[in-house]
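Trainee: Could we go through the metal site together, step by step?

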Amino acid sequence: MISLKRPSEIEAMRAAGRIVAEAHALVKGLIRPGITTGELDRAVEDLFVQRGAQPLFKGVPGKVPFPAVCCISVNDEVVHGIPGDRVLCEGDLVKVDTGCRLDGWCGDSAWSYPVGEVSPVCQRLMEVGQKNLELAIAEMGRKRRWSEVARLMEAEVRQAGFSVVEQFVGHGIGRRMHEDPQVPNFVGRDWLRQDFEIVPGLVLAIEPMVNAGTKEVKILADHWTVATRDKLPSVHFEHTVAMTERGPQVLTDGT
Ligand code: MG
Ligand code: MG
């Protein structure tokens, strides 16, 4: 069941979203060749402690509980990478996904960052991924149903010659990180049954994942990291977005 949020609740979510935006600004400033993904994660964890925010990702149940406050996925890793000793190198493409809860309300956002100068394909992939998220946010204010937005998202990625990950999708968000509905970045026959109306009070984590090669992904031996099967790079961009009477409002961009 989809729970719609009141304007005051959306403002409370924005407060959580601001801390998530701060985490991204912090990470963006730290990313450079030589830093480890574990160091980035610790910086975000310290920030959450300072702000009195509760990390959403640490301890998420799985075969092993997720051990960090960020998912950090590099190059062919799509999402859910575990931060650790990996040293970032010039040319790497790093995806950082993090979320926190403040006063009972959640924010969730992911971004893709270049380490130094990346290949032309990675550069283009980043542009297409970011544009795809921006398209979704804008169209959320123009369309009646999510499937109409997802259809445009899918078409844009295909037109760029890339592919949309189908195994992982966005989600509703509120008091819990993962709420109904599921929010696909494509239109599939199975998904149309779960289609939903875009109405004021709806709050979604919209998160296109775009692969340079095929859409196929696999889960690595650490039980978490999702990587492309063809080892080609992938990008991930995510914002928590509220639909309001005045149109879509991004809650995790620091405004
Ligand atoms: Mg996320
Ligand atoms: Mg999410």
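Trainee: Which residue coordinates both the magnesium ion (ligand 1) and the magnesium ion (ligand 2)?
Mentor: This is a predicted model, in which local features need pLDDT of at least 70, side-chain atom pairs count only at pLDDT 80 or more, and totals for chains, interfaces and linings use all residues. Residues are numbered from 1 along each chain as its sequence is written, chains are lettered from A and ligands numbered from 1 in the order in which they are written, and side-chain values use heavy atoms, with hydrogens and water left out. Donors here are N, O and S atoms within 2.8 Å of the metal (3.2 Å for Na, K and Ca), and sites may look incomplete because water is not among the atoms. The two ions lie 3.1 Å apart, and the residue that coordinates both is D108.

Trainee: How far from the magnesium ion (ligand 1) do its protein donors lie?
Mentor: D97 is listed with two OD entries, alongside D108 (OD) and E238 (OE). D97 lies in strand β4 (residues 93–102) and E238 in the loop between β13 (234–236) and β14 (239–244), so the pair ties together parts 141 residues apart in sequence, strands being DSSP runs of E of at least two residues, and helices runs of H or I of at least four, numbered from the N terminus. The donor distances are 2.0 to 2.6 Å.

Trainee: Is H171, a donor of the magnesium ion (ligand 2), buried or exposed?
Mentor: H171 coordinates that ion through NE2, together with D108 (OD), E207 (OE) and E238 (OE), at 2.1 to 2.3 Å. Buried means under 20% relative accessible area, exposed over 50%, and partly exposed in between (1.4 Å probe, protein chains only). At 5% relative accessibility, H171 is buried.
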